[in-house]
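Please follow the explanation below with the sequence and the model side by side, taking the charged pairs before the polar contacts and the aromatic residues.

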Amino acid sequence: VFFVLARLLEPTDFGVIALAGVLLAFAEVLIEAGFADALVQRQDLQAIHIDTAFSSQLALAGLYSVLLFVFAPFMAIFLGEPRLKIVLWAFIPYLVLLALGSVQQALLKRQLAYKSLAFRASVANITGGLVGIACAFSGLGVWSLVIQQWVFAGIGVAVLWRSSVWRPQWQWQWQACRDLLQFGGVMTFSKLLDFAYN
């Protein structure tokens with residue numbers, strides 16, 4: 001898929017996505033906040049822990065989406081790429097999709113349901129890739145790559161929710177959040193160091 005898209009699109013299209021990708025990778029670390037790792041690691045996992053992780057990640061995705069919306073114009077000016085503003089705004093739904101699928105993915109990992117995770121990755125990659133190529137053939141340029149990521153995330157979330165029996169109860173507890181962050185906070189710090197290094 002990458003080689004086909006590289007043939008159809010301009011190098012500057014990939015450059016815009018690469019700039020956006022740095023901010024999105026940072027957002028992904030902050031939105032996950034170590035909750036997914038803590039759900040996999042925690043021995044005594046209760047329903048309130050799962051619901052707290054889900055609610056927290058959705059709240060963090062909402063917060064980062066607002067920050068991204070506000071600061072995208074300034075990032076575009078600072079980095080000298082006018083198209084970056086609109087591309088970053090377009091990735092806001094992608095951040096929400098990441099939050100919607102993170103807990104489901106963690107629970108499947110905890111259950112060692114790697115067949116479901118592999119199926120999700122395959123279907124999402126193939127579908128996203130085909131849609132991206134079709135968009136590139138249609139002359140959508142950089143939007144081909146944005147739409148490819150939307151489809152990848154959307155299909156991925158749909159498969160994860162279909163594969164997992166857990167559904168949110170929309171509850172949150174401070175103690176459960178503290179329990180998860182004891183491990184998740186360390187993981188987040190480690191990922192932020194890795195992000196800074198990269």
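In this predicted model, the side chains of Glu32 and Lys191 meet in a salt bridge, with N and O 2.6 Å apart. Glu32 belongs to helix H2 and Lys191 to helix H9, which spans residues 174-197, and the pair thereby links distant parts of the chain, 159 residues apart. Lys191 is partly exposed, its relative accessible area being 29%, a value that falls between the 20% limit for buried residues and the 50% limit for exposed ones.

Helix H9 enters a further charged pair through Asp179, which forms a salt bridge with Arg42, the closest N and O atoms being 3.7 Å apart. Because Asp179 lies in helix H9 while Arg42 lies in the loop between helix H3 (35-41) and H4, this pair ties together parts that are 137 residues apart in sequence. With a relative accessible area of 18%, Asp179 is buried, since the limit for that class is under 20%.

A salt bridge also joins the side chains of Arg83 and Asp13, at 3.0 Å from N to O. Here again distant parts of the chain are linked, with Arg83 in helix H5 (residues 83-90) and Asp13 in helix H2 (residues 11-32), 70 residues apart. The two partners fall into separate accessibility classes: Arg83 counts as partly exposed at 32% relative accessibility, whereas Asp13 is buried, with a relative accessible area of 6%. Through salt bridges that share partners, Asp13, Glu81 and Arg83 are joined into one network. Side chains of opposite charge can pair when their charged atoms come close, and the structure has five salt bridges in total.

Returning to helix H9, one finds Thr188 there, and this residue is buried, at a relative accessible area of 12%. Which backbone atom does the side chain of Thr188 reach? The side chain of Thr188 reaches the backbone nitrogen of Gly34, at 3.0 Å. When residues up to four places away in sequence are not counted, Thr188 touches Val29, Ala33 and Gly34.

The aromatic residues offer another way through the model, which holds eleven aromatic pairs. One of these is formed by Phe71 and Phe74, whose rings are 6.3 Å apart from centre to centre, with 55° between the planes, an arrangement that is classed as tilted. The angle explains that class, because planes under 30 degrees apart count as stacked and those over 60 as edge-to-face, with the rest counted as tilted. Phe71 and Phe74 are three residues apart in helix H4 (residues 47-79), so about one helical turn separates them. Elsewhere, Phe54, Trp161, Trp166 and Trp170 form one aromatic cluster.

Are Phe71 and Phe74 buried or exposed? Phe71 is partly exposed, with 46% relative accessible area, while Phe74, at 53%, counts as exposed. Both residues contribute to a nonpolar surface patch of about 680 Å², which is made by Leu63, Val66, Leu67, Phe69, Val70, Phe71 and Phe74. Another member of this patch, Val70, is likewise found in helix H4 and counts as partly exposed at 41% relative accessibility. The values for Phe71, Phe74 and Val70 agree with their place in the patch, because patch residues need over 30% relative accessible area.

Methods
Residues are numbered from 1 along each chain as its sequence is written. This is a predicted model: local features need pLDDT of at least 70, side-chain atom pairs count only at pLDDT 80 or more; totals for chains, interfaces and linings use all residues. Side-chain values use heavy atoms; hydrogens and water are left out. Rings of Phe, Tyr and Trp (its six-membered ring) pair if their centres lie within 6.5 Å; planes under 30 degrees apart count as stacked, over 60 as edge-to-face and the rest as tilted. Helices (H or I, at least four residues) and strands (E, at least two) are DSSP runs, numbered from the N terminus. Buried means under 20% relative accessible area, exposed over 50%, partly exposed in between (1.4 Å probe, protein chains only). A salt bridge is a side-chain nitrogen of Lys or Arg within 4 Å of a carboxyl oxygen of Asp or Glu. A polar contact is a pair of N or O atoms within 3.5 Å; within protein, one must be able to donate a hydrogen and the other to accept it, and residues adjacent in sequence count only if both atoms are side-chain atoms. Contact means heavy atoms within 4.5 Å. Patches are made of residues with over 30% relative accessible area and no salt bridge: like charges are joined within 9 Å, nonpolar side chains (Val, Leu, Ile, Met, Phe, Trp, Tyr) within 5 Å. Accessible areas come from the Shrake-Rupley method with a 1.4 Å probe; for residues, only the protein chains shown count as cover.
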